[in-house]
Amino acid sequence: MAQNHTIGGHGSHGGHGEHHGSLGEYVIGFILSIVLTVIPILAVVDDWFGKTATIAVLLITAALQFAVQLLFFMHLREEKGPRYNLVTLILGLIVVVVVVYGSIWIMDHNKMY
Amino acid sequence: MRGEASVIDQIKDFASWFFVSGDPLIYGADVAIALTTAAIIFVLSYFGKWGWLWREWLTTVDHKRVGIMYIIAALLMLFRGGVDALMMRTQLVFPDMKFLSPEHYNEVFTTHGVIMILFMAMPLMFGLFNIAVPLQLGARDVAFPFLNSLSFWLFFFGAMLFNMSFVIGGSPNGGWLSYPPLSELTGSPGVGEDFYIWGIQVSGIGSLMTGINFIVTIVKMRAPGMTWSRVPIFTWSVLSSCIAIIVAFPVLTVTLALLFLDRFLGAHFFTMDGGGNAMMYVNLIWMWGHPEVYIVVLPAFGIYSEVVATFSKKRLFGYGSMVFAMLSISIMAYFTWLHHFFTMGSGANVNIFFAISTMIIAIPTGVKIFNWLFTMFRGRISFTTPMMWTLAFIPCFVVGGMTGVMLSVAPADFQFHNSYFLIAHFHQVLIGGVAFGYFAGLYYWWPKMFGFKLNETIGKWAFWIWNIGFYVCFMPQYVVGLDGMTRRINSYGWDTGWWAMNFTSTIGGFLMGIGFLFQVWQIAHSIKFMEKDTTGDPWGARTLEWSIPSPAPLYNFATTPLVTDRDDWWEEKERIAAGKMPKEKPKLEPIHMPKNSPIPFIQSICWFTVGFGLVFHWLWIAIPGFVGIALTLLAHSFNYDTDYYIPVDEIRQTEAKAGRGV
């Protein structure tokens, strides 16, 4: 709440040297995101599974990718003070559900094609 | 000899393809652009202002200057979008008019829509964010000043890229949302759609970053004591708008990226024959497009709230319900997008869900109207220009809201869909809600930006001409829409019986154009003749931005204000009037400030280059652009010399010059 002097671009890291993940965590996160990117690409390009299974794999890897980003790079677990992260996350999830489920629902009922 | 001739022929062929040709209107525009550019270069050189321009404006990270640049750019775009509108109205004034060819008409209505929403409303809104929000919060700048400057330049060069299309390559003509298959290569083989995609992509990145920037600013940079229940209402509206921005704009980016892949790499996201589905594009684009409507109108609601409270000399009625209404609108905006394509054929259940969610979102909006009315009730109202725009907004928005509810009734929408009734409705909410609000905000904060008020008399003339023009223009469109006239037609016959309504509508359109000219005159006249405002508080306003001199000094607040009330500055004035001691101010300390940087400007030129190269499929232009972006990112990452301190003596001198003892 207090006016912290976060002017100058990299201010949000300034002043309160809090824990922001170790090199190891970043490397693990990096490798996990690469793996989670390669799997769906190969699943589609090399046609590993049938149509339904491929869609399921895409959705699952996307969800895992989301979790990896939040945990390893966005430091979701390290919050002090007001719970902005949690509120943001809930809002984000609501929007994602609306966008993804809403689209599936709408397109499923679409009789025009 | 023959070789030479063929080279010349090749150049001629290239030029006639590269430059838009064959239309006298376009040649006129070419001449106008060349003359304006020459005039600007001449004036800057003659007065030796290039260095000043570079140091004070192009590289600035000061939120107030960024805001002013946004506003200037937005007003220029308002002019261009307005000229587009008048060209359309001229074409429709009589049946069988031969003013614009059908292709040209398509281009004009497409660019009118894109420019008014993305390159006029958005930057005008961001300009007002930049001017008012840090000052209302008692902050020295936004959270990320460098990013703020980058946002502006990305918007600016995105807009330039888009605008270029009408003299180079050809304008997009697929409607302002570029539905496939019209926007696919089969429907639009030219470069117009690519200009559309890249103009919006580049400026869209800027919009997203502004959204993030202002959320962080509002969450982290509030003055000490400014709890959430003391945050000024405009700042609340900005927060709710920015929440919508950060969720909506990624959807737009992805949608347009997919469309670009379709066009550039032959992907089939939206082409039926390749297994794609054009309906998915409609679904995705409205997932951005509907929240976008609320993104631009929420800050206008905030402005109305500030203006009503200030000029009624009363506290805003129902502050809590106002905040709740705005936040719930910004969330609910995500549940209504399908009402834009009720007729797409998704069935009754889907339509029912979105019809009801659309009707529900009208409730918080209605609450706000009552709050404004109750704020005025028994207030001491002064009829200044910002207040007049606010008063005009209320009936206008009520009518627009009610026709919106009519459109939200799905079965009725099958009748209204794509008719002029719809056109009249959304212009009523976008002009009556958004444009009126931004005008009110512009007049309201003008003294804070420049240190003088705009001329009220000319402003009132502009106000009345605009308003009369508005109703004359759009009321007939409801009628002619119910009579069966559809949107996007460039001509109609005498037998339709539509000409009287269209004729009236065109008169109204030109009246609004004259109203705009009055506003231009008002600004020019005021720059020349208006007296300087020495109080810093010419309206007798309520929030922190009015507690400092006008125009605000570089560092905004000499000492960080300590907030104890909702309308803190008003309460402070009341205390002083009651003979009590003013709040004690902390001792002056050196002020930490961000340094200017050329990187946002340079990087945005690189983005422009990338966009231009990809539009024409010229990788030899696009790749250096990408390299430039990477280099500027690197250069900024390793630049540690980003800030400095303003010494106490200098603060004291600046304040003394503004007539303030410290």
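How many residues apart in helix α4 of chain B are Arg80(B) and Asp84(B)? In this predicted model, the two stand four residues apart in that helix, which spans residues 63-91, so about one helical turn separates them. Their side chains meet in a salt bridge, with 3.5 Å from N to O. Both partners are buried: Arg80(B) has a relative accessible area of 14%, and Asp84(B) has 4%.

This pair belongs to a wider set, since a search of the whole structure finds eleven salt bridges over all chains. Another of them is formed by Asp194(B) and Arg263(B), whose closest N and O atoms are 3.1 Å apart. Here Asp194(B) sits in helix α7 (residues 192-220) and Arg263(B) in helix α8 (residues 233-265) of chain B, so the salt bridge ties together parts that are 69 residues apart in sequence. Asp194(B) is buried at 3% relative accessible area, and Arg263(B) is buried at 2%.

Loop residues take part as well. The side chains of Arg542(B) and Asp567(B) come together in a salt bridge of 2.7 Å, N to O. Both residues lie in the loop between α16 (499-529) and α17 (568-577) of chain B, and the pair, 25 residues apart, links distant parts of the chain. Arg542(B) is buried, with 3% relative accessible area, and Asp567(B) also counts as buried, at 10%. In addition, Asp565(B), Glu572(B) and Arg575(B) are joined into one network by salt bridges that share partners.

Attention now turns to chain A and its partner. Chain A holds three helices and zero strands, and 25% of its 113 residues count as buried. The chain exposes about 7500 Å², with carbon and sulfur atoms supplying 74% of that area. Among its contacts between residues at least 6 apart in sequence, 53% join residues at least 24 apart.

At the interface, 27 residues of chain A are in contact with 46 residues of chain B. The two chains bury about 3000 Å² between them, and carbon and sulfur atoms give 69% of this area. On the side of chain A that touches chain B, there are 14 nonpolar, twelve polar and one charged residues. Zero salt bridges are found across this interface, while three residue pairs are in polar contact, both residues at pLDDT 80 or more.

One polar contact between the chains, of 2.8 Å, joins the side chains of Asn283(B) and Ser103(A). Asn283(B) lies in helix α9 (residues 278-312) of chain B and is buried, with a relative accessible area of 0%. Beyond residues up to four places away in sequence, Asn283(B) touches Ser103(A), Ile106(A) and Met107(A), as well as Trp337(B) and Phe341(B).

Note on methods:
Residues are numbered from 1 along each chain as its sequence is written. Chains are lettered from A and ligands numbered from 1 in the order in which they are written. This is a predicted model: local features need pLDDT of at least 70, side-chain atom pairs count only at pLDDT 80 or more; totals for chains, interfaces and linings use all residues. Side-chain values use heavy atoms; hydrogens and water are left out. Buried means under 20% relative accessible area, exposed over 50%, partly exposed in between (1.4 Å probe, protein chains only). Contact means heavy atoms within 4.5 Å. Accessible areas come from the Shrake-Rupley method with a 1.4 Å probe; for residues, only the protein chains shown count as cover. Buried area is the accessible area (1.4 Å probe) that two parts lose on being put together, summed over both. A salt bridge is a side-chain nitrogen of Lys or Arg within 4 Å of a carboxyl oxygen of Asp or Glu. A polar contact is a pair of N or O atoms within 3.5 Å; within protein, one must be able to donate a hydrogen and the other to accept it, and residues adjacent in sequence count only if both atoms are side-chain atoms. Ala, Val, Leu, Ile, Met, Phe, Trp, Tyr, Cys and Pro count as nonpolar, Asp, Glu, Lys and Arg as charged, and the others, Gly among them, as polar.
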